[in-house]
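Student: I keep meeting labels in structure descriptions. Can we test each label against its definition?

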Amino acid sequence: ACPDRDTRRPCAAARYGLGVPLDLVPPLVRKFGWRRPRLRVHPAKPKVGLRTTRADEMWHIDTTVIRLLDGTRAYLHAVIDNFSRRILAWRVADTFAPVNSVAVLVEASRGATPSDTTPVVLADAGVENVNAQVDDLITTGVLRRVLAFTELKFSNSMIEAWWRSLKHQWLFLHSLDSVTTVRRLVEFYVHEHNRVLPHSAFRGQ
């Protein structure tokens, strides 16, 4: 029982197994360095995304919008290889058109390593990736399309991560006054990404 029950101060006996008032517990904890065992709940570790074993096994395609100084927009389409992390094809356009997605896929397929298997293209369900023009390309058998979060539980995070790097580490450091300027900047960054910049997936190589 609490020694000063008459004071009606909360007793810590029930909670801490101590026969002292609750307001005296913090000083005792600091004095004696008491620690209450508890199960620490850690957040889930980041999920490892899709990882392939060779080049041209899976590609990621996506489109991002870049706002120019005059309020107009530039549309950037790109394809990245899951294994090598290389940008296989890209295009900057001043209009949003599905034909640009077809163009980068065709360009990427022309440079693909000959193989008995068809490259799988991971894309989101946006209209730039699911349309008649892209469907016609898929039906030729050159590529096989898989929709992120629809036919596959994984997201299209690899190409989205590259968008963030491109924008925040390069594009947004410059005055984006025209589509021509964006195209020139993207061309330089793609060259550096493919040939110079180290990649953490390859331990900095």
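Tutor: Start with two helices. The axes of α5 (residues 157-169) and α6 come within 11 Å and cross at roughly 120 degrees.

Student: Why is α5 called oblique to α6?

Tutor: Check the classes: under 35 degrees is roughly parallel, over 145 roughly antiparallel, 65 to 115 roughly perpendicular, and the rest oblique. The crossing of α5 and α6 is roughly 120 degrees. That value falls in the rest, so α5 is oblique to α6. The angle runs between N-to-C directions, on a scale from 0 to 180 degrees, and the axes are lines fitted to C-alpha atoms over the stretch in contact.

Student: Which hand does the crossing of α5 and α6 have?

Tutor: It is right-handed. That term means that the near helix is turned clockwise from the far one by less than a right angle; anticlockwise would be left-handed.

Student: Which residues make the contact between α5 and α6?

Tutor: From α5 come W162, S165, L166 and Q169, and from α6 come V186, Y189, V190 and H193. Contact means heavy atoms within 4.5 Å. By class, five are nonpolar, three are polar and none is charged. Ala, Val, Leu, Ile, Met, Phe, Trp, Tyr, Cys and Pro count as nonpolar, Asp, Glu, Lys and Arg as charged, and the others, Gly among them, as polar.

Student: What sort of model is this, and how is it numbered?

Tutor: The model is predicted, so local features need pLDDT of at least 70 and side-chain atom pairs pLDDT 80 or more, while totals for chains, interfaces and linings use all residues. Residues count from 1 along each chain as its sequence is written, and side-chain values use heavy atoms, without hydrogens and water.

Student: How many helices and strands does the protein have?

Tutor: Six helices and five strands. From the N terminus on, the order is α-α-β-β-β-α-β-α-β-α-α. Helices (H or I, at least four residues) and strands (E, at least two) are DSSP runs, numbered from the N terminus.

Student: What makes α3 and α4 roughly parallel?

Tutor: Their axes cross at roughly 25 degrees and come within 8 Å. An angle of roughly 25 degrees meets the test for the first class above, so α3 and α4 are roughly parallel to each other. The contact joins P98, S101, V102, L105 and V106 of α3 to Q133, V134 and L137 of α4. It has six nonpolar, two polar and no charged residues.

Student: Why is V104 called buried?

Tutor: Buried means under 20% relative accessible area, exposed over 50%, and partly exposed in between (1.4 Å probe, protein chains only). V104 has 1%, so it counts as buried. This residue sits in α3 (residues 98-110). Beyond its neighbours within four places in sequence, V104 is in contact with I61, H77, V79, A89, W90 and R91. V104 and V79 are 25 residues apart along the chain, yet their C-alpha atoms are separated by 6.8 Å.

Student: Why does L88 count as partly exposed?

Tutor: L88 has 24% relative accessibility, so it falls in the middle class. It lies in strand β3. Leaving out residues up to four places away in sequence, L88 touches D56, W59, V79, D81, E107 and A108.

Student: What is unusual to note about phi in D56?

Tutor: D56 has a positive phi of about 65 degrees although it is not a glycine. It lies in the loop between α2 (25-32) and β1 (58-67). Its relative accessible area is 8%, so D56 is buried. R85 also has a phi near 65 degrees, a positive value in a residue other than glycine. R85 is in the loop between β2 (73-81) and β3 (87-93). At 13%, R85 is buried.

Student: How do you know that T181 makes a polar contact with D177?

Tutor: A polar contact is a pair of N or O atoms within 3.5 Å; within protein, one must be able to donate a hydrogen and the other to accept it, and residues adjacent in sequence count only if both atoms are side-chain atoms. The side chains of T181 and D177 make such a contact at 2.6 Å. Another, of 3.0 Å, joins the side chains of T181 and S178. T181 is in α6 (residues 179-195). With a relative accessible area of 11%, T181 is buried.

Student: Where is R67, and what does its side chain reach?

Tutor: R67 is in strand β1. Its side chain reaches the backbone oxygen of G71 at 3.4 Å. R67 and D177 are 110 residues apart in sequence and 9.2 Å apart in space, C-alpha to C-alpha.
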